[in-house]
Amino acid sequence: MSDNRDNDTSTSVGNSFGKLPDHLLIEIFIRVPVSEWAELSCVKKQWANLFRGECLWQAALMRTFPSASQVKRWPGPIPQGLSKRRFAALYVSKHIFALENEIDEIVGHTYLFLKEQLELSTMPPPSGVLHGTIIDQFIACGKSRDTAHELASQIWLAVLDNLEENQHTFLSLKHLALEGDVFLPYPYSRSIKVQWKVFEKLFTDFRDCLNRADYYDVLAMAKNKFQPIPSAWLGY
């Protein structure tokens, strides 16, 4: 009997929500924790359409990051995008990067750009191209060469730490590790910390994916770049 009452209550609540106009649903949804948005978007087709539309993301952007309305479009190769993209970039800047308590939207956009290139591209562009795009973006926005290089390094390290552990990521990391050395002037050269992180992930998180030939190819490249080599990296 109680199960029937619970089902009736759930149905009643669902029907009540179904009768609400879109603008009221949006006002409710943007007050729900972000972690639950994906689940909400799967409840009804109407709700899924709201999360695909611009209106909800504009409202979420203004509620969560009110200063975003004051930001003008910037020059450079990485576009600002619509409200959903801007919300994701600001969320990344706030929750992944600690930049003296400031939220720098362009940092989030460059993070999303690099992560997508490494995760979604069948064959990611050379690291020099990716790094150069990030550097150009920061310089176009008025950052100094030193600041651009430091921010780019932080973004590379954050992205490498947050890549999904799957076959595609393994292939992308192997591609990055086996790239030939190309001289690029500062600040267009990747930092040693970033290069180290690529090999560290291959020899730790993806060690079981390396066959014997891959292992010795990657190890040879590591020895060419770093001395000494950590003992944990040795031994197939």
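Helices (H or I, at least four residues) and strands (E, at least two) are DSSP runs, numbered from the N terminus. I put that at the top of my page, as helix names turn up in most entries below.

**Entry 1: ground rules.** I am working with a predicted model, where local features need pLDDT of at least 70, side-chain atom pairs count only at pLDDT 80 or more, and totals for chains, interfaces and linings use all residues. Residues are numbered from 1 along each chain as its sequence is written, and side-chain values use heavy atoms, with hydrogens and water left out.

**Entry 2: the whole chain.** I looked up the secondary structure and found 12 helices and zero strands in the protein chain. Next came overall dimensions: the C-alpha trace spans about 70 × 50 × 30 Å along its principal axes. The radius of gyration (taken over C-alpha atoms) is 23 Å, while a compact globule of 236 residues would have one near 18 Å. That globule rule is 2.2 Å times the number of residues to the power 0.38.

I then checked burial, where buried means under 20% relative accessible area, exposed over 50%, and partly exposed in between (1.4 Å probe, protein chains only). Of the 236 residues, 40% count as buried. For contacts (heavy atoms within 4.5 Å), I took pairs at least 6 apart in sequence, and 62% of these contacts join residues at least 24 apart.

**Entry 3: helix α8.** This helix covers residues 127-140, which is 14 residues. From first C-alpha to last, α8 reaches 20 Å, close to the 20 Å expected at 1.5 Å a residue. The expected span is 1.5 Å times one less than the number of residues. Buried residues in α8 include L130, H131, G132 and F138. Their cover includes α7 (105-120), α9 (145-161) and α10 (167-177).

After α8 I met G142, whose phi is positive, near 95 degrees. My reminder: most residues other than glycine have a negative phi, and most peptide bonds are trans.

**Entry 4: H131.** I picked one residue of α8 to follow, H131. Is H131 buried or exposed? H131 counts as buried, because its relative accessibility is 1%. Leaving aside neighbours within four places in sequence, H131 is in contact with H149, A152, W156, P187, Y188, S189 and R190.

**Entry 5: helix α9.** I counted 17 residues here, and α9 reaches 24 Å from its first C-alpha to its last, close to the 24 Å expected at 1.5 Å a residue. Among its buried residues are H149, A152 and W156, which I had just met as contacts of H131. The cover over the buried residues of α9 includes α6 (83-96), α7, α8, α10 and α11 (192-203).

**Entry 6: L118.** This leucine sits in helix α7. L118 is buried, because its relative accessible area is 2%. Which residues does L118 contact, leaving aside its neighbours within four places in sequence? They are P124, L130, W156, V159, L163, H168, S172 and L176. I also looked at L163 as a partner: L118 and L163 are 45 residues apart in sequence and 8.3 Å apart in space, C-alpha to C-alpha.

**Entry 7: two cis bonds.** The peptide bond from Y186 to P187 is cis, with omega near 10 degrees. P187 lies in the loop between α10 and α11, and P187 was also on my contact list for H131. From Q227 to P228 I found another cis peptide bond, with omega near 0 degrees. P228 belongs to the segment after α12 (212-225).
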